[in-house]
2 protein chains.
Amino acid sequence: MTSTMNRQWRLAARPVGLPEPSVWQWTTEALPTAGAGEILVEVLYLSLDPAMRGWMNEGKSYVPPVALGAVMRALGIGRVIASGDPGFTVGDTVVGITGVQSHALLPAAEATKVDPALAPLPSFLGVLGMTGMTAYFGLLDVGQPKPGETVVVSGAAGAVGALVGQIAKLKGCRVIGIAGGADKCRYLTEQLGFDGAIDYKAEDVKKALRALAPKGVDIYFDNVGGDILDAVLSQLARHARVVICGAISQYNNTTAVKGPANYMSLLVNRARMEGFVVFDYAARYGEAVREIAGWLAAGKVTAKEDVVRGLEHFPEALLKLFKGENFGKLVLQVAG
Amino acid sequence: MTSTMNRQWRLAARPVGLPEPSVWQWTTEALPTAGAGEILVEVLYLSLDPAMRGWMNEGKSYVPPVALGAVMRALGIGRVIASGDPGFTVGDTVVGITGVQSHALLPAAEATKVDPALAPLPSFLGVLGMTGMTAYFGLLDVGQPKPGETVVVSGAAGAVGALVGQIAKLKGCRVIGIAGGADKCRYLTEQLGFDGAIDYKAEDVKKALRALAPKGVDIYFDNVGGDILDAVLSQLARHARVVICGAISQYNNTTAVKGPANYMSLLVNRARMEGFVVFDYAARYGEAVREIAGWLAAGKVTAKEDVVRGLEHFPEALLKLFKGENFGKLVLQVAG
């Protein structure tokens with residue numbers, strides 16, 4: 001059954017602090033018509049990502065901010081229900097920036113056809129999507145792990161973190177994950193093969209690192225920023241690489257971002273801290289997808305998804321990310 | 001005339017905040033005797049460097065802290081007055097870690113003979129010494145400037161900063177210096193050929209950078225940390241390199257170091273921040289000395305020294321560094 005209305009979440013106000021439900025506006029409007037070179041997509045799943053918080057702020061960043069009154073930006077996967085482009089047929093499965101809505105009108109050039117037989121649909125938003133690309137290029141290209149090195153990753157039970165740790169293991173590294181709560185930590189060591197896990201809610205991260213990584217941290221893949229970044233900086237090995245992927249602990253600050261007070265450890269340890277934006281690697285996504293799909297098929301990598309059902313639950317679902325309540329890649333099931 | 005007593009400044013207490021004169025103890029003792037493999041050096045000039053503040057703190061760093069009661073560590077140049085080593089003759093001029101004293105007993109292996117005819121003695125502590133090596137390798141190896149890029153350097157009228165800017169000009173870069181006071185800024189643009197200068201005491205650094213570097217900062221060579229580091233981080237160009245050489249604004253903090261709140265600019269701009277320690281380049285000092293000496297001889301680089309006379313003035317002289325009162329490479333003339 002195809003709805004005749006498009007249901008949408010629009011950004012009604014710029015959040016101060018956490019994106020409370022009051023920043024969103026629920027709208028419905030008639031389904032648009034696919035013109036020449038366009039496709040109309042029924043959205044099946046949406047990817048909910050920490051980066052979305054940044055897109056809600058005004059000001060220069062790596063992508064323009066979402067305009068007030070606009071449908072919230074999001075990556076989605078869906079099914080083509082009308083096509084004005086010869087490259088797409090009704091029934092095709094596509095990935096694209098659909099936005100947080102039940103239906104999206106996309107320029108054909110901005111949609112990517114995928115084969116739904118290859119993997120469950122949410123995987124195309126996670127381990128084979130932006131999440132996977134982020135973990136793959138951030139760890140391998142920016143971090144440049146070598147066998148025997150010690151890799152620490154924060155947000156380790158999150159979508160990116162869990163994959164970073166597993167890829168690091170495949171590259172012969174010792175891997176320590178930092179996550180919140182005993183369940184997540186057990187998952188890292190018992191299910192994903194991490195060599196150690198630190199529960200930042202219950203342990204002193206610096207002390208725990210000293211015990212688990214007595215020779216220091218060669219690569220730190222940072223998803224969280226804040227105090228945990230500072231704790232890891234204090235334990236760097238010589239020539240360490242700190243990969244700045246995100247800073248979820250700071251995204252909802254109402255006061256200034258807490259800069260890493262221990263950044264002079266970069267000097268003492270001849271280390272570097274480097275940021276990256278996954279979109280820069282677009283030309284090499286194919287290479288990464290093939291390698292990750294191979295690992296998945298061989299059972300060398302597992303991906304956990306945390307699926308919330310119902311477009312209407314978007315505001316609460318998004319908040320799970322910032323409260324550390326998601327366990328695995330967070331996706332919103334919109335239909336299907 | 002050679003004194004028969006060794007006059008020394010010893011570290012009597014670990015400073016909290018600025019190294020006030022009360023942390024030092026003045027001692028005199030009989031001149032030591034040079035045993036086999038040792039040389040006795042009459043110290044002529046001492047290098048006073050911001051890094052000395054770090055050596056006074058307890059705790060792990062890139063060199064061990066100066067022990068309480070020990071002669072303060074310093075790089076010096078002097079004349080051999082007694083030799084127990086066949087490689088050295090009385091009258092030789094040597095550079096080494098002499099410490100803050102009038103005479104130093106050095107293992108011959110830790111002294112480097114220099115030719116005093118090549119340059120004024122203080123140059124061997126400055127532009128041809130650690131200062132020069134720091135500027136050369138920090139800018140060229142860590143920063144990797146390319147012609148046409150915009151290079152910003154803080155502490156620009158200091159010994160390292162002035163040389164960084166001049167080398168960057170020689171490499172075809174646009175150079176903007178940040179310094180305190182109109183005199184220093186005029187020196188940068190009128191004497192050293194910098195393309196622009198920002199007086200951080202009188203101007204809003206961020207605004208000034210926006211005007212002077214509208215396309216963003218490709219390389220930032222940071223000697224100061226603190227608010228200036230944050231201001232420059234906010235103006236990075238894509239793929240910028242931030243070279244962490246020092247953080248003089250933070251060395252005397254009695255509260256926590258101010259971490260760079262704008263560090264996420266590294267992510268947005270796919271940039272990196274990297275520290276280094278000049279000692280790692282020891283095997284390549286010869287290469288750098290030859291190139292810098294050539295520039296000096298050709299008048300392509302000028303080096304300014306700020307000479308304070310008298311070992312007894314060491315405590316006040318050192319404070320000049322942290323109060324921004326030195327103008328050029330600060331050296332203490334001990335004798336000669």
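Strands are taken here as DSSP runs of E with at least two residues, and they are numbered from the N terminus. In the predicted model described below, one such run, strand 12 of chain A, spans residues 236-244 and contains A:His239. Although A:His239 is not a glycine, its phi is positive, at about 60°. Most residues other than glycine have a negative phi. A residue counts as partly exposed when the number of other C-beta atoms within 10 Å of its own falls between the limits for exposed, 12 or fewer, and buried, 20 or more; A:His239 is partly exposed because 13 such atoms lie within 10 Å. A positive phi, of about 50°, is also found at B:Gln144, which is likewise not a glycine. B:Gln144 lies in the loop of chain B between helix 2 (130-143) and strand 8 (150-154), and with 13 other C-beta atoms within 10 Å it is partly exposed.

The two chains are related by symmetry. A turn of 180°, with a shift of 0.0 Å along the axis, lays chain A on chain B with an RMSD of 0.0 Å, which is the relation of a two-fold axis. The residue of chain A that comes closest to this rotation axis is A:Gly259, whose C-alpha is at 2.1 Å.

Contact between the chains involves 24 residues of chain A and 24 residues of chain B. On the side of chain A that touches chain B, the elements giving two or more residues are helix 7 (265-268) and strand 13 (272-275) of chain A, and strand 13 of chain A provides the largest share, four residues. By residue type, this side of chain A consists of 16 nonpolar, three polar and five charged residues. Because 100% of the interface residues of chain A are also interface residues in chain B, the copies meet through the same surface. Strand 13 of chain A is joined by three bridges to strand 13 of chain B (residues 272-275), and the two strands run antiparallel. Within this pairing, A:Met273 stands opposite B:Met273.

Pairing within a chain is illustrated by strand 14 (residues 305-309) and strand 15 (residues 329-333) of chain B, which run parallel and are joined by five bridges. One of the bridge pairs places B:Glu305 with B:Lys329 in strand 15 of chain B. Between these strands the chain passes through helix 9 of chain B (residues 314-322), forming a β-α-β crossover that is right-handed.

Burial was examined in helix 5 of chain B (residues 205-212), where B:Val205, B:Ala208 and B:Leu209 are buried. Seen down the axis of helix 5 of chain B, the buried residues fall within an arc of 100°, and therefore they line one face of the helix. The face turned away from the buried side carries B:Lys207 and B:Ala211, which are exposed. The elements covering the buried residues of helix 5 include strand 9 (174-179), strand 10 (196-199), strand 11 (217-222) and helix 6 (226-233) of chain B.

A further buried position is B:Leu40, in strand 3 of chain B (residues 38-47); B:Leu40 counts as buried because 23 other C-beta atoms lie within 10 Å. Leaving aside neighbours within four places in sequence, the residues in contact with B:Leu40 are B:Leu31, B:Pro32, B:Ala34, B:Ile81, B:Ala82, B:His103 and B:Leu105. B:Leu40 and B:Gly84, separated by 44 residues in sequence, are 8.5 Å apart in space from C-alpha to C-alpha.

Note on methods: Residues numbered from 1 in each chain as written. Chains lettered and ligands numbered in written order. Predicted model: local features only at pLDDT ≥ 70, side-chain atom pairs only at ≥ 80, totals over all residues. Contact = placed C-beta atoms within 7 Å. Nonpolar A, V, L, I, M, F, W, Y, C, P; charged D, E, K, R; others polar. Pairing = 2+ DSSP bridges. Right-handed = clockwise from strand over helix to strand, strands pointing away. Least-squares fit on C-alpha atoms with pLDDT ≥ 70 in both. Arc of directions from axis to C-beta.
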